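Please open the structure in your viewer and follow the stops below in order. Each stop names what to select and then states what is found there.

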Amino acid sequence: QVQLVESGGGLVQPGGSLRLSCAASGSFFSTSAMGWYRQGPGKSRELVAWITRYGSTNYADSVKGRFTISRDNANNLVYLQMNSLKVEDTAIYYCNMNSGPIYWGQGTQVTVSS
């Protein structure tokens, strides 16, 4: 059974930084694509960043140049480094694993406010 647990969310001022972590259980991590999605107030869930099993990455236009996704296959971890945060980045951020079946974490709240 796969379980994804996010951490690292919180309250930060505009222009600040946060690093989100996602810890994955199970044996499929190294062969799975991993992603971060977010859902802002009154909005649909949207893709933020994606990393393949080989390390190739893809980003939403709204976060390019500010966010970086990375993975640690030895420890079943995926990260989202978020810099130059904006008020519009406020959302619940979800970790996603695509190993054929799709798995989601419970989400972590990120609030960007002065």
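Which residue in strand 3 does E6 stand opposite? Select E6 together with strand 3: the residue facing E6 is C22. Please note that the model is predicted.

Next, display the whole of strand 1, residues 4-7. In general, the side chains of a regular strand alternate between the two faces of the sheet. Here L4 and E6 point to one face and are buried, while V5 and S7 point to the other face and are not buried.

Now add strand 3, residues 18-24. Strand 1 pairs with strand 3 in the antiparallel sense, over 4 bridges. Select V5 as well; opposite V5, in strand 3, stands A23.

Widen the selection to the sheet. This open sheet is formed by 4 strands in the order 1-3-8-7, with antiparallel pairing. Its edge strands are strand 1 and strand 7 (67-72), each of which pairs on one side only. From one strand to the next, the twist averages 15°.

Finally, select G107, which lies in the loop between strand 10 (102-104) and strand 11 (108-112). Is G107 buried or exposed? G107 has a relative accessible area of 17% and is therefore buried, the cut-off for buried being under 20%. Leaving aside residues up to four places away in sequence, G107 touches E6, I92, Y93 and Y94; the tour thus returns to E6, one of the contacts of G107. As a last selection, add A49: the C-alpha atoms of G107 and A49 are separated by 15 Å, and the two residues are 58 residues apart along the chain.

Terms used:
Residues are numbered from 1 along each chain as its sequence is written. This is a predicted model: local features need pLDDT of at least 70, side-chain atom pairs count only at pLDDT 80 or more; totals for chains, interfaces and linings use all residues. Side-chain values use heavy atoms; hydrogens and water are left out. Buried means under 20% relative accessible area, exposed over 50%, partly exposed in between (1.4 Å probe, protein chains only). Helices (H or I, at least four residues) and strands (E, at least two) are DSSP runs, numbered from the N terminus. Two strands pair if DSSP finds at least two bridges between them. Axes are lines fitted to C-alpha atoms, for helices over the stretch in contact, and angles run from 0 to 180 degrees between N-to-C directions. Contact means heavy atoms within 4.5 Å.
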